[in-house]
Amino acid sequence: MIRTEGLAKEFSSGIGKKSIVAVRGLDLEVRKGEIFGFLGPNGAGKTTTLKMLMGLIYPTSGNAWILGKALGDVDVKNRIGYLPEHPYFYDYLTAREFLDFYGRLFDLTKAERRERIENLILKVGLDRFQDVQLRKFSKGMLQRIGIAQALINDPELVVLDEPMSGLDPIGRKEIRDVILWLRDSGKTVFFSSHILPDVEMLCDRVAIIVKGTLRDIGRLDELLGETVSNVEMVLQGIGEPVVTAIGQRGYRYSTVGDKIAVTVAGDAADDKVEEIVRLAMDSGGKVVSLTPHKKTLEELFVAHVGEEKEVA
Ligand SMILES: Nc1ncnc2c1ncn2[C@@H]1O[C@H](COP(=O)(O)OP(=O)(O)O)[C@@H](O)[C@H]1O
Ligand SMILES: [Mg+2]
């Protein structure tokens with residue numbers, strides 16, 4: 001659905017000033033039917049990349065294809081939907097009028113517009129507000145009408161720039177539900193975000209970009225690894241000598257009442273875990289819980305962003 005090869009963008013900031021390389025040699029591939037998350041901290045080059053793909057700005061070098069066509073193909077625009085990072089809304093239009101305006105841009109007939117608008121307004125949960133002017137909309141409602149706008153042409157590919165940013169947890173959940181519905185109806189969704197839990201809940205594959213450079217790309221489960229990164233054990237009634245022994249072995253632990261929580265790197269089958277369980281049981285204590293933790297997207301993200309900061 002999207003492919004880039006060495007895509008790059010350099011902004012010149014005036015004569016005699018240093019130029020800014022916003023995107024460096026980006027190689028990316030978004031496949032049909034997937035929800036693809038484009039992650040990176042502020043200033044990483046996400047919006048710049050999306051704008052190049054949408055044909056709003058020109059790459060300095062490199063190539064990109066959308067739906068198999070090179071950038072600049074006008075017909076492709078009929079088959080994609082786009083929500084900018086800071087969309088502009090015509091304040092005095094009602095939700096329905098706003099969508100009707102975009103429907104006209106795509107030359108939809110009156111009947112088509114009426115049907116699509118009705119469905120979309122329902123889908124994004126704004127049916128009670130369809131005749132309310134957008135200036136009275138909350139941020140979350142504007143974001144939802146913005147997504148409806150991006151869908152008015154029934155696109156195959158939906159590109160959303162930070163669709164969840166600035167929303168409260170309920171607002172984010174509503175947008176997530178819309179994105180899941182899109183995937184279920186066979187669309188491909190490519191969205192940028194720096195909100196990691198949302199990405200973790202939604203995406204099939206992700207790319208992490210830091211300072212214009214692609215740092216990681218792949219299936220979320222593969223990037224995070226099926227492997228467990230640490231195991232947390234809660235033990236009860238194990239007595240002071242065993243607590244001391246655990247401390248002496250250098251494990252991280254904390255105590256609450258007669259319970260102790262110990263964290264051990266590795267998986268549950270690790271010898272260290274077995275050793276601690278044995279120590280606890282031998283001293284007459286018991287194992288209350290044993291919880292394996294996988295690496296989180298946040299750990300992966302912080303590892304990449306942190307590394308880059310050190311280089312800088
Ligand atoms: N029109 C522009 N002129 C000059 N610099 C820009 C322009 N647009 C973006 N940049 C710079 O490019 C970098 C990437 O910005 P952006 O793509 O907006 O990042 P993100 O969307 O990941 O937060 C930033 O350093 C930003 O200041
Ligand atoms: Mg941005």
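In the predicted model, β2 (20-30) and α1 (46-53) each contribute at least two residues to the shell around ligand 1. The largest share of this shell, three residues, is drawn from α1. The residues around ligand 1 are F11, S13, I20, A22, G40, N42, G43, A44, G45, K46, T47 and T48. By character, the shell around ligand 1 comprises four nonpolar residues, seven polar residues and one charged residue.

Helix α1 also takes part in the packing against strands, lying across β3, β7 (157-161), β8 (188-193) and β9 and running at about 145 degrees to β7. Helix α4 likewise packs on the sheet, where it touches β6 and β7, and its direction makes about 160 degrees with that of β6.

The sheet itself is open and consists of six strands in the order β6-β7-β8-β3-β9-β10, with mixed pairing. Its edges are occupied by β6 (80-83) and β10 (213-219); each of these has a single partner strand, so one side of each is left without a neighbour in the sheet. From one strand to the next, the twist averages 15 degrees. Within this arrangement, strand β3 (residues 35-39) pairs with strand β9 (residues 205-210) in the parallel sense over four bridges. In this pair, L39 stands opposite I208 of β9.

Further strand pairing involves β1, β4 and β5. Strand β1 (residues 2-11) and strand β4 (residues 61-66) are paired in the antiparallel sense through five bridges, and T4 is placed opposite A64 in β4. Strand β4 is in turn joined to strand β5 (residues 69-70) by two bridges, the two strands running antiparallel. Here I66 has K69 of β5 as its bridge partner. The hairpin of β4 and β5 has two residues between the strands, and L67 in this hairpin adopts a positive phi near 50 degrees.

Packing between helices was examined for α2 and α4. The axes of helix α2 (residues 95-105) and helix α4 (residues 139-150) come within 9 Å and cross at roughly 25 degrees. Because this angle is under 35 degrees, α2 is roughly parallel to α4. The crossing of α2 and α4 is right-handed. On the α2 side the contact is made by A95, F98, L99 and Y102, and on the α4 side by I145, A148 and Q149. Of the residues in the contact of α2 with α4, six are nonpolar and one is polar, while none is charged.

Terms used: Residues numbered from 1 in each chain as written. Chains lettered and ligands numbered in written order. Predicted model: local features only at pLDDT ≥ 70, side-chain atom pairs only at ≥ 80, totals over all residues. Near = placed C-beta within 6 Å. Nonpolar A, V, L, I, M, F, W, Y, C, P; charged D, E, K, R; others polar. Pairing = 2+ DSSP bridges. Axes fitted to C-alpha atoms, helices over the stretch in contact; angles between N-to-C directions. Parallel < 35°, antiparallel > 145°, perpendicular 65-115°, else oblique. Left-handed = near helix turned anticlockwise from the far one by under 90°. Contact = placed C-beta atoms within 7 Å.
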